[in-house]
Amino acid sequence: MPPPPPLVVLAAALLLAAAAAQEETCSGVAPAPPRRGAWVSLASVGGRGDGRTLNTAAFARAVARIERRRGARGGTLLYVPPGVWLTGPFNLTSHMTLFLARGAVIRATQLCAFVEQDTSNWPLVDPLPSYGRGRELPGGRYMSLIHGSGLQDVFITGENGTIDGQGSVWWDMWKKRTLPFTRPHLLELMYSTDVIISNLVFQDSPFWNIHPVYCSNVVVANVTVLAPHDSPNTDGIDPDSSSNVCIEDSYISTGDDLIAIKSGWDEYGIAFARPSSGITIRRITGSGPFAGFAIGSETSGGVENVLVEHLNLFSMGVGIHIKTNSGRGGFVRNITVSEVTLNGARYGLRISGDVGGHPDTSYNPNVLPAVDNVSIKNVWGQNIRQAGLIRGIRNSVFSRICLSNVKLYGSSSIGPWKCRAVSGGALDVQPSPCTELVSTSRTGFCAS
């Protein structure tokens with residue numbers, strides 16, 4: 001597996017790519033970067049960037065000062081100078097910018113090396129209402145390292161500074177099954193709007209890295225997300241029950257899906273009824289043992305109107321994966337994925353109706369998801385073991401699945417397409433598509 005490019009070179013390349021494709025950015029989603037009227041340095045409120053001093057209280061003091069300055073024209077910038085700023089979880093506030101200077105590292109305090117279960121530095125928060133419990137275990141969940149709820153006008157950015165979750169102890173607890181509650185994210189924003197996350201490195205998250213949930217008008221751009229390929233559940237970016245989201249010009253290499261769109265879990269997601277919609281993903285490069293781009297498997301609130309284009313993926317488990325299950329309910333519809341280059345994968349494409357567990361035994365297995373109008377086009381792959389699997393649900397056939405100009409090749413031979421309970425069309429597909437997909441130019445929805 002080739003190593004990720006140097007961060008400085010990568011950032012420059014991504015900025016150039018964005019500048020060269022200004023007509024294909026999410027400027028319509030992004031709020032204009034404000035000119036903050038005031039600023040606070042973490043050092044000025046007693047923080048010490050020596051890698052040893054715990055700065056949780058200093059972050060809390062800085063955010064409290066920003067809240068007291070609500071009258072400042074344009075809000076306030078919190079400046080994190082160069083250095084290693086060890087901290088436990090902390091909250092953000094509205095009308096603020098968290099800015100990491102070049103050479104600045106916000107590093108999560110690790111759990112006690114001798115008593116792994118000592119999680120006293122990590123507060124518990126309530127489970128998400130669309131999940132009904134922690135994603136991994138019943139009950140609450142550990143607060144993310146950087147957290148916010150009900151916020152407006154928040155920018156998390158910098159000069160390629162780093163947010164380091166030091167997740168290895170959490171991963172070990174997961175592997176040993178000694179976790180008391182669900183692991184924390186590196187960054188989670190809830191019920192928030194007008195958010196930009198950019199020009200930062202996220203590494204070694206205990207769990208999912210970047211998790212906007214119940215949010216709107218969110219942009220994630222020019223970020224690098226890193227975790228070892230054997231780190232469990234370290235998804236890169238997971239928009240969840242969120243609308244008007246843009247993710248672009250980023251490099252992601254983690255231990256799970258690079259980007260996964262979600263919208264709630266079984267009966268809890270159905271009751272909460274907040275879909276993920278209006279999501280655009282562009283110019284993503286990365287590698288990982290699971291999917292490059294995924295939807296699900298938590299899709300109970302629905303996922304719709306998604307555009308994904310210009311993915312450059314290598315050494316993947318699956319290139320594109322849409323996953324749901326009986327009992328999920330909800331829908332996945334109006335999805336377009338195009339211009340994908342895939343070098344090395346077990347599967348080029350999977351659309352599966354039998355993936356993912358359930359939060360408890362209260363779900364109704366007869367509540368079935370609907371998958372409709374999914375277009376996968378202009379995909380080229382090499383070193384692919386299996387072309388793809390499209391497996392719907394017997395009483396809920398996946399409909400209008402279109403494959404167009406999809407060319408997948410193996411180093412010697414490649415496993416054929418496998419399909420069940422699916423209808424749609426296939427045009428110019430290699431290897432030959434399964435018979436459930438009608439290969440004809442008369443398939444209007446696919447030809448268009």
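## Figure legends: close-up views

**View 1. The second largest cavity has a volume of about 50 Å³.** Here a cavity is a set of points on a 1 Å grid over the protein atoms alone where a 1.4 Å probe fits but cannot get out; points are joined across faces, edges and corners, and the volume is the space filled by probe spheres set on them. The model is predicted, so local features need pLDDT of at least 70 and side-chain atom pairs count only at pLDDT 80 or more, while totals for chains, interfaces and linings use all residues. Residues are numbered from 1 along each chain as its sequence is written, and side-chain values use heavy atoms, with hydrogens and water left out. Which residues line the second largest cavity? They are I66, E67, R69, R70, G75, T76, S94 and H95, where lining residues have an atom within 4 Å of a point. By class, this lining holds one nonpolar, four polar and three charged residues (Ala, Val, Leu, Ile, Met, Phe, Trp, Tyr, Cys and Pro are nonpolar, Asp, Glu, Lys and Arg charged, and the others, Gly among them, polar).

**View 2. The largest cavity has a volume of about 90 Å³.** Its lining consists of 13 residues, and those nearest the centre of the largest cavity are L128, R135, R141, T182 and H185. Sorted by class, the lining of the largest cavity gives five nonpolar, four polar and four charged residues. Searching the whole structure turns up three cavities of 30 Å³ or more.

**View 3. Four strands, β5, β10, β13 and β16, line up in that order as an open sheet with parallel pairing.** The edges are formed by β5 (90-91) and β16 (210-213), each of which pairs on one side only. Strands, like helices, are DSSP runs numbered from the N terminus (strands E, at least two residues; helices H or I, at least four), and two strands pair if DSSP finds at least two bridges between them. Between β13 (residues 187-190) and β16 there are four bridges in the parallel sense. To find your way, start at L187, whose bridge partner in β16 is I210.

**View 4. Strand β15 (residues 200-203) pairs with β12 and with β18.** With β12 (residues 161-164), β15 shares four bridges in the parallel sense; I163 has F202 of β15 as its bridge partner. With β18 (residues 224-226), β15 shares three bridges, again parallel, and Q203 is the bridge partner of L226 in β18. Overall, the protein has five helices and 28 strands.

**View 5. C419 and C434 form a disulfide.** Their sulfur atoms lie 1.8 Å apart, and the rule used here (a pair of cysteine sulfur atoms within 2.5 Å) gives a count of one disulfide. The link of C419 and C434 is left-handed, with -55° about the S-S bond. Because C419 sits in strand β26 (residues 418-420) and C434 in the loop between β27 (422-430) and β28 (437-438), the pair ties together parts that are 15 residues apart in sequence. Are these two cysteines, C419 and C434, buried or exposed? Both C419 and C434 are buried, meaning under 20% relative accessible area, with exposed over 50% and partly exposed in between (1.4 Å probe, protein chains only). Of the 448 residues in the protein, 58% are buried.

**View 6. Helix α3 (residues 168-176) packs its buried residues against β9 (141-142).** In α3, V169, W170, W171 and M173 are buried. Packing is judged by contact, that is, heavy atoms within 4.5 Å. After α3 comes R177, whose phi is positive, near 60°.

**View 7. Some backbone angles deserve a second look.** Most residues other than glycine have a negative phi, and most peptide bonds are trans. S241, though not a glycine, has a positive phi of about 45°; S241 is in the loop between β18 and β19 (243-253) and counts as buried because its relative accessibility is 0%. N244, also not a glycine, has a positive phi of about 55° and lies in strand β19. At 37% relative accessibility, N244 counts as partly exposed.

**View 8. Cis peptide bonds occur from G296 to S297 and between Q430 and P431.** Omega is near 5° for the bond from G296 to S297, and S297 is in the loop between β21 (276-295) and β22 (303-323). For Q430 and P431, omega is about 0°; P431 is in the loop between β27 and β28.

Note on methods. 1 Å grid on protein atoms, 1.4 Å probe; cavity = no way out; pocket = protein on both sides within 12 Å on 5 of 7 lines; lining within 4 Å.
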